[in-house]
Amino acid sequence: MRVEQPRDHDRAVAVLQESYAAVPPGVPVRLAKRTSNLFRPRAATGSPGLDVSGLDGVLGVDPTTRTAEVQGMCTYERLVDATLPHGLMPLVVPQLRTITLGGAVTGLGIESTSFHNGLPHESVIEMDVLTGDGRIVTARRDGGHADLFTAFPNSLGSLGYATRLRIELQPVGRYVALRNIRFTDLDALVAAIGEVMTTGEYAGRRVDAMDAVMFGTDESYLMLGTFTDTASRVSDYTGQAIYYRSVRERTEDALTAYHYLWRWDTDWFWCSRAFGAQHPVVRRLWPARYRRSDVYHRLVNLEHRYGVAARVDRWRGLPPRERVVQDVEIPLDGTAGFLRWFARNVPMTPVWLCPLRLREPTGPGSATVWPLYPLRPDESYVNVGFWGTVPIAAGAADGDVNRAVEWAVSEAGGHKSLYSDAYYDRTTFDRLYGGATYRAVKERYDPDHRLTGLYEKAVGRQ
């Protein structure tokens, strides 16, 4: 694994500020990034993106304090390469290699350690942010910029861009031992998740990582990981074998820590099947270095641009399809009911489940720590992830299924992240995503509204 060397960080920040100053007033501000994990088409713009080319590295790892100094555009792939040689990992490592640390903090992220480590932004100690008025400010949980620190998560770049972050790290073993436990009843699955979230154990064994897959209401699997330095046999799912299929085939498994962190990336969970990458012949011919999420995402973007598959479907007489790509947080006690609703109304499987609890409860009657994504303190949630397309029924409109999902999530007392399509009216959006707090912070750090607003990005696709 390759470890990045420290960069000329100050110069890179100066270049970023220069490129920001060069964007004319009234012109949309965008990052000049090679990759994106958004599933929200955006209006085209002819303006040059901000130059973040020097802000994609790891500035340092401190094994003693278990912290890392990381530039905002550093991918988790690079970050993990730098931390694993020290026996450390970020507290939460989102599933896809090219998600950036700054992106996960401003746009949310989740993974199998979230049941006790929360979300990526909860491990941030401090961060430098390029604000809408062109300043670089250092924001911490307390101090003069605490309002920006707490409003930054789920602001999606509408308040600024992180250039440097100091984050906590945690120890990890050389391997992750896995148990794949089958359930035929969703209530039993949810009860098992609740047991692990309460005790940190299952059947007398420590659990360090936990997620699940639902193939149907009568078939789901809870995957429990334990960090360890020994393993008698280690699996590899970067070749012909496919990880999500293995949970049906093996009750016990083990991966290196590195391959565990990226177990979902090779096949983009299960979405690589849409490109034929899971067919044995195609898989042998498809170079392994191109079986990764960013490649699949580029293929999706090409389809958005040219619509080849959509034209073929029309030629074959098939109905148009609606993209239903969402991650939603559902309270634990409502998860089984939501999954049954989903199975009845959205013809899409498998579904990913990832338990979540905020790290730092604020106490009875207190406001939530993160106002733009106000999950309740002391509440256990399950992230439900579903990604694909469904046929648009006769007489229905594109977006109707997503609107139904939004209704069901609200009925369950949950929230959904905003990396994909959203259809809320502004009043509902403000109520769900801290509108009053957002406006106050926006006025302080971007008074001229040079950065596109949160609603305009998430719903208006600007």
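Ring pairs tie eight-odd names together here, so let me read them out: Tyr-237, Tyr-243, Tyr-244, Trp-264, Phe-269, Trp-270, Trp-352 and Trp-387 form one cluster. This is a predicted model.

Two members of that cluster are Phe-269 and Trp-270. In the whole structure there are 23 aromatic pairs. One of them is Trp-268 with Phe-275, and it is stacked, because the ring centres lie 6.4 Å apart and the planes meet at 20°, under the 30 degrees that stacking requires. Trp-268 counts as buried, at 7% relative accessibility. Phe-275, at 25%, counts as partly exposed.

Now back to Phe-269 and Trp-270. Their ring centres are 5.5 Å apart and their planes stand at 70°, so this pair is edge-to-face. Phe-269 is buried at 6% relative accessibility, and Trp-270 is buried as well, at 1%.

Next, a helix contact. How do α6 and α12 cross? Helix α6 covers residues 186–199 and helix α12 covers residues 335–345; their axes come within 9 Å and cross at roughly 140°. That angle makes α6 oblique to α12, because roughly antiparallel would need over 145 degrees. The crossing of α6 past α12 is right-handed.

Which residues meet there? From α6, Leu-186, Asp-187 and Val-190; from α12, Thr-335, Ala-336, Leu-339 and Arg-340. Sorted by class, this contact has 4 nonpolar residues, 1 polar and 2 charged.

Terms used. Residues numbered from 1 in each chain as written. Predicted model: local features only at pLDDT ≥ 70, side-chain atom pairs only at ≥ 80, totals over all residues. Heavy atoms only, no water. Axes fitted to C-alpha atoms, helices over the stretch in contact; angles between N-to-C directions. Helix = DSSP H or I, 4+ residues; strand = E, 2+ residues; numbered from the N terminus. Parallel < 35°, antiparallel > 145°, perpendicular 65-115°, else oblique. Left-handed = near helix turned anticlockwise from the far one by under 90°. Contact = heavy atoms within 4.5 Å. Nonpolar A, V, L, I, M, F, W, Y, C, P; charged D, E, K, R; others polar. Phe/Tyr/Trp six-rings, centres within 6.5 Å; stacked < 30°, edge-to-face > 60°. Buried < 20%, exposed > 50% of the residue type's maximum accessible area, 1.4 Å probe, protein only.
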